[in-house]
Amino acid sequence: MELWIMCGSFVLLLLLGVPVAFAIGLSSVATVLAADLPMAIVFQKMVGGMQVFSFLAIPFFIFAGELMLHGGIAERIVNFANRLVGHVRGGLGMSNVLGCTLFGGVAGSPLADVSAMGSVMIPLMKREGYDADYAVNVTTHAALVGALMPTSHNLIIYVLATAGIAAVSVFNLILAALIPALLLTLANLVAAYTVAVRRGYPTHGAFPGWGAVFSAFLAALPGLLVIAIILGGILSGVFTATESAATAVCWALLVTGLAYRSLSWKGFLAACAKACKTTGIVLLLIGISSAFGYFLALYEVPQKTGEWLEQMSGNTPWLIFLWVNVLLFLLGTFLDMAATILICTPIFLPICMKAGMDPTQFGIVMLLNCALGLNTPPVGSTQFVGCAIGGVSVGQVMRSIAPFYGALLATLLAVTYIPAISLALPAWVAGQ
């Protein structure tokens, strides 16, 4: 009975439009009252869930991304991408894909990526004769790569969500995400080019020459180096994954404040305010989800879900993985990325591990599903931001979304059923 109350109240609150964090918290309180347990359990689990040293990486990565967003990194990345592929048919779309991927690497946030790159590229593409729905779809799907980049705080959240279930290394997860991120970028490039050719979009000038490309690359290089600093520092043992986040903030301040001199005092304060707000939301979600996760374990939700999936799939691993992907996608359309990771990892990770999936591989599958949810109504935060910038309705964008959705789904299925895509690089580094 308590399990039905917990799940029913959570779904009902979401349908009523209650913010996810409060829906999780109130459903946990309802469960305590129904089970006649001490209310102190909720608060103990909340406080305990947030008192983890590794969580220091989350505000630092968020702050580094905000500094990059307000510090003029996007313009230099756009210039480099335009000079590299702008001369190809539909070149602005392909430039957008490369620009979003590169900026996502330094910002680590799909939403920040859409906000920064979209405000530059979407109006530019519209002026050059590209349809608004194409410009929005290219931007929002390319921005999703940011969820897989080394500066993504969602990688840290997943690692912490696996506590007590499996031992997942932050560094291994960062390495595991690199090849899927590259694969997703290539799939987005193919989708952008295919649609551009079909619609007959123009080229964007002549190729400026490799000298101009190299010059633009050097201008963007200080901002892009944050990825190399994080990976190199962890791999060499200079600092831990948590310390790498603080290093990313220091580097972001040096690049935007001294190298580019593009970070104003107003921009710095805006970055601080947004980082504090986002950190508060994420930590609140983490704390409340710890209490919610306690009740999920208490009432054996993972075991019961696993039994149901085994019955539905005949205990066939590939069918189990398919069902898990479908369920994660559906939940991701209603929940924020952090909430989906925190709630679903304790439920689905044991099921997939039992079926033979490595927990590091499952982390990449989880992040890709969450990214897909970010671009799907009714929540679809990245899509709503892109549509607002492009001045186009969500319905119009959804009508032409199929090629870009196909790129993301193809990457998701490849990562799900070909373990080497996510596990080969961590295994090679470990062997070295």
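Phe61, Gly65, Met68 and Leu69 in helix α4 meet Phe103, Val106 and Ala107 in helix α6. In this predicted model, α4 spans residues 57-70 and α6 spans residues 91-107, and the two helices pack with their axes 8 Å apart at an angle of about 135°. The arrangement of α4 relative to α6 is therefore oblique, since an angle counts as roughly antiparallel over 145 degrees and as roughly perpendicular from 65 to 115.

Val106 of α6 also takes part in a contact with helix α11. Leu224 is located in α11 and touches Val106, along with Ile77, Leu102 and Phe217, when residues up to four places away in sequence are not counted. The C-alpha atoms of Leu224 and Val106 are separated by 6.3 Å in space, although the two positions lie 118 residues apart in sequence numbering. Leu224 has a relative accessible area of 13% and is therefore buried, the limit for this class being under 20%.

Aromatic ring pairs were examined next. A pair of aromatic rings is described by the distance of the centres and the angle of the planes. In total, 9 aromatic pairs were counted. One of these is formed by Tyr134 and Tyr201, with ring centres 4.9 Å apart and planes at 50° to each other, a tilted geometry. This pair connects distant parts of the chain: Tyr134 belongs to helix α8 (residues 132-143), whereas Tyr201 lies in the loop between α10 (170-199) and α11 (210-236), 67 residues away. Tyr134 has a relative accessible area of 1% and is therefore buried. Tyr201 is likewise classed as buried because its relative accessibility is 4%.

A further tilted pair is made by Tyr158 and Phe362, for which the centre-to-centre distance is 6.4 Å and the angle between the planes is 45°. It too links distant parts of the chain, with Tyr158 in helix α9 (residues 153-161) and Phe362 in helix α17 (residues 359-374), 204 residues apart. Tyr158 and Phe362 are both buried. In addition, Tyr134 and Tyr201 join Tyr130 and Phe404 in one aromatic cluster.

Helix α9 also holds Asn154. The relative accessibility of Asn154 is 4%, so this residue counts as buried. With neighbours within four places in sequence left aside, Asn154 is in contact with Met337, Ala338, Ile341 and Leu367.

An aromatic ring also meets a charged group. The charged end of Arg76 sits over the ring of Tyr260, at 3.8 Å from the ring centre. Arg261 is placed in the loop between α12 (241-259) and α13 (265-298). Most residues other than glycine have a negative phi. Arg261, a residue other than glycine, has a positive phi, near 55°. The relative accessibility of Arg261 is 68%, and the residue is therefore exposed, as the class requires over 50%.

The unreviewed UniProt entry annotates residues 50-69, 181-201, 213-239, 245-263, 275-298, 318-349 and 404-429 as "transmembrane region". Two of these spans were examined for end-to-end distance and secondary structure. For residues 275-298, the end C-alpha atoms lie 34 Å apart, and the span is 100% helix and 0% strand. For residues 318-349, the corresponding distance is 15 Å, with 88% helix and 0% strand.

Two further positions were considered in the N-terminal helices α1 and α3. Ile5 is found in helix α1 (residues 2-15). It is in contact with Ala30 and Ala34, neighbours within four places in sequence being left aside. Ile5 and Ala34 are 29 residues apart in sequence, and their C-alpha atoms are 7.7 Å apart in space. A relative accessible area of 29% makes Ile5 partly exposed.

Gly48 is placed in helix α3 (residues 40-50). Its relative accessible area is 40%, so Gly48 is partly exposed. From Gly48 to Gly391 the C-alpha to C-alpha distance is 44 Å, and the two glycines are 343 residues apart in sequence.

Conventions:
Residues numbered from 1 in each chain as written. Predicted model: local features only at pLDDT ≥ 70, side-chain atom pairs only at ≥ 80, totals over all residues. Heavy atoms only, no water. Phe/Tyr/Trp six-rings, centres within 6.5 Å; stacked < 30°, edge-to-face > 60°. Helix = DSSP H or I, 4+ residues; strand = E, 2+ residues; numbered from the N terminus. Buried < 20%, exposed > 50% of the residue type's maximum accessible area, 1.4 Å probe, protein only. Lys NZ or Arg CZ within 6 Å of the ring centre and 35° of its normal. UniProt positions renumbered as here; feature names shortened; annotations may be inferred. Axes fitted to C-alpha atoms, helices over the stretch in contact; angles between N-to-C directions. Parallel < 35°, antiparallel > 145°, perpendicular 65-115°, else oblique. Contact = heavy atoms within 4.5 Å.
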